[in-house]
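Please look over the structure below before reading on. The report walks through selected sheets, contacts, cavities and annotated regions.

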Amino acid sequence: MSRRVVRQSKFRHVFGQAAKADQSYEDIRVSKVTWDSSFCAVNPKFLAIIVEAGGGGAFIVLPLAKTGRVDKNYPLVTGHTAPVLDIDWCPHNDNVIASASDDTTIMVWQIPDYTPVRNITEPVITLEGHSKRVGILSWHPTARNVLLSAGGDNVIIIWNVGTGEVLLSLDDLHPDVIHSVCWNSNGSLIATTCKDKTLRIIDPRKGQVVAERFAAHEGMRPMRAVFTRQGHIFTTGFTRMSQRELGLWDPNNFEEPVALQEMDTSNGVLLPFYDPDSSIVYLCGKGDSSIRYFEITEEAPYVHYLNTFSSKEPQRGVGFMPKRGLDVSKCEIARFYKLHERKCEPIIMTVPRKSDLFQDDLYPDTPGPEPALEADEWLAGQDAEPVLISLKDGYVPPKHRELRVTKRNILDVRPPAGPRRSQSASDAPLAQQHTLETILEEIKALRERVQAQEQRITALENMLCELVDGTD
């Protein structure tokens, strides 16, 4: 009698667990916009969530440590004149975030390490080039200040955020609305899915479609695609009978899928989050109350189901923490930030291990915050793999770094409203001086506020003492 052999994998017993109630973020009015983005972005310093806002679009940025109930007057990042549809943290600067909006613009923001007193209303730079709403943002994985945007005008634009100029514009490659865009690991190719049901692999610098597959999933509902570590494409979509489906494809042979699996009949679009270090893909459906996860290997059937994390509440969106933001001492291999209607709840994925030592096999060197290329080098045709860091001693975020924007090109794109003044080498120190003065003003205002509150408390205590003495 033959015994069934269990597949060997260190991730077979990965389990998900919701964080304790005091580690959640309460009383956040999560956006109700009908758009299939994650509405949440997270890095080792901050959590950003798109929120409901009257008279425009806004999102809230919270330090990760600021758990519990969020004050209703907590400062927001406002500036868009229509709802914000997507946000994405820069992988090379934890204080820089980009936002895309229904107002056709992209704004790039510098988030201070301290908690601001008022709403942040002035972006570092505004990028204008789309004629319809912008719903997708993605930073280049290895080149500094390179940002991709895709809009309802079926155009993909790649920007140099440091100068505000358009590096590349891919106008004629998509005949219909673009559903998703994903870079490969070194940023030489992008994978896109479109309403015309075609999966495309594009070389953005040549402006050419390298490979394409029509009807990777036959259903009409939106499809998603991500690159895997092996260079394959992992997709989620729908069958003709509206069943949710996942697929794995080899771009060198798009005729037949490497793997194709039907899942269930729910109608929420599955958002795939891929971890290249463990080769695990997590599937989070908007409106679902579960997160399924699969391991992708080079052995048949190639996509192996691991487990499902289930909870009672459906998710409005999900944020995925980069590997360098995880707690390696607890064998944490992934962390999600699940959006409810009025709160955000961390979900922690852990590999059970008895030893307290650093687990080398779970944490290979992972992409760090240093870019491998400058924007001009990438545009000239250079490619480079991400600069890796070790997580053995835990990741320490670098000190606050300012996003430098070269004024020369900004003036070419958007003329200044005030009188012109000559550019000089003293501009950078002046900008730093202005930032320092702003910080000092805010500190002064906070100090005065604290003193006023102390005086009020003293006066109230004196009144209470008088009342008590009077009753005696």
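Which residue in β4 stands opposite Ala41? The answer is Ala48. The model is a predicted one, and the report starts with the sheet around that pair.

## The sheet from β3 to β7

β3 and β4 pair in the antiparallel sense. Three bridges join them. β3 covers residues 40–42, and β4 covers residues 46–51. Within this pairing, Ala41 faces Ala48 of β4.

The two strands belong to an open sheet of four strands. Its order is β3-β4-β5-β7, and the pairing is antiparallel. β3 sits at one edge and β7 (77–80) at the other, each pairing on one side only. Neighbouring strands here are turned by 20° against each other on average, with direction ignored.

## The sheet from β8 to β11

A second open sheet also holds four strands, in the order β8-β9-β10-β11. Its pairing is antiparallel. The edge strands are β8 and β11, and β11 covers residues 125–128. Each of these edge strands pairs on one side only. The average turn between neighbouring strands of the β8-β9-β10-β11 sheet is 20°, direction ignored.

β8 pairs with β9 (residues 96–101) over five bridges, in the antiparallel sense. Which residue in β9 stands opposite Asp88? Ala98 takes that position.

## An aromatic link between strands

The whole structure contains 13 aromatic pairs. One of them joins Phe46 and Trp89. These rings are stacked, with centres 5.6 Å apart and 15° between the planes.

Where in the chain do Phe46 and Trp89 lie? Phe46 is in strand β4, and Trp89 is in strand β8 (residues 84–89). The two residues are 43 residues apart, and the pair links distant parts of the chain. Phe46 thus ties to a strand of the four-strand sheet β3-β4-β5-β7, while Trp89 belongs to β8 of the sheet β8-β9-β10-β11.

## Cavities

How many cavities of 30 Å³ or more does a search of the whole structure find? There are five. The largest has a volume of about 100 Å³.

Fourteen is the count of residues that line the largest cavity. Closest to its centre are Val61, Tyr74, Ile111, Tyr114 and Pro116. By class, the lining has 12 nonpolar residues, one polar and one charged.

## Backbone exceptions

Two backbone details deserve a look. Most residues other than glycine have a negative phi, and most peptide bonds are trans. Phe39 is not a glycine, yet has a positive phi of about 60°. Phe39 is found in the loop between β2 (25–26) and β3.

Is the peptide bond from Ala300 to Pro301 cis or trans? The bond is cis, with omega near 5°. Pro301 lies in a loop, between β26 (290–296) and β27 (303–310).

## Annotated regions

UniProt, in an unreviewed entry, lists "repeat: WD" at residues 77–119, 127–169 and 171–212. Residues 127–169 are 56% strand and 0% helix. The end C-alpha atoms of that span are 13 Å apart. Residues 171–212 are 52% strand and 0% helix. Their end C-alpha atoms are 17 Å apart.

Which residues does UniProt give for the feature "coiled-coil region"? The unreviewed entry places this feature at residues 436–463. In the model, residues 436–463 are 100% helix and 0% strand. The end C-alpha atoms of this span lie 41 Å apart.

Key: Residues numbered from 1 in each chain as written. Predicted model: local features only at pLDDT ≥ 70, side-chain atom pairs only at ≥ 80, totals over all residues. Heavy atoms only, no water. UniProt positions renumbered as here; feature names shortened; annotations may be inferred. 1 Å grid on protein atoms, 1.4 Å probe; cavity = no way out; pocket = protein on both sides within 12 Å on 5 of 7 lines; lining within 4 Å. Points joined across faces, edges and corners; volume = space filled by probe spheres on them. Nonpolar A, V, L, I, M, F, W, Y, C, P; charged D, E, K, R; others polar. Pairing = 2+ DSSP bridges. Axes fitted to C-alpha atoms, helices over the stretch in contact; angles between N-to-C directions. Phe/Tyr/Trp six-rings, centres within 6.5 Å; stacked < 30°, edge-to-face > 60°.
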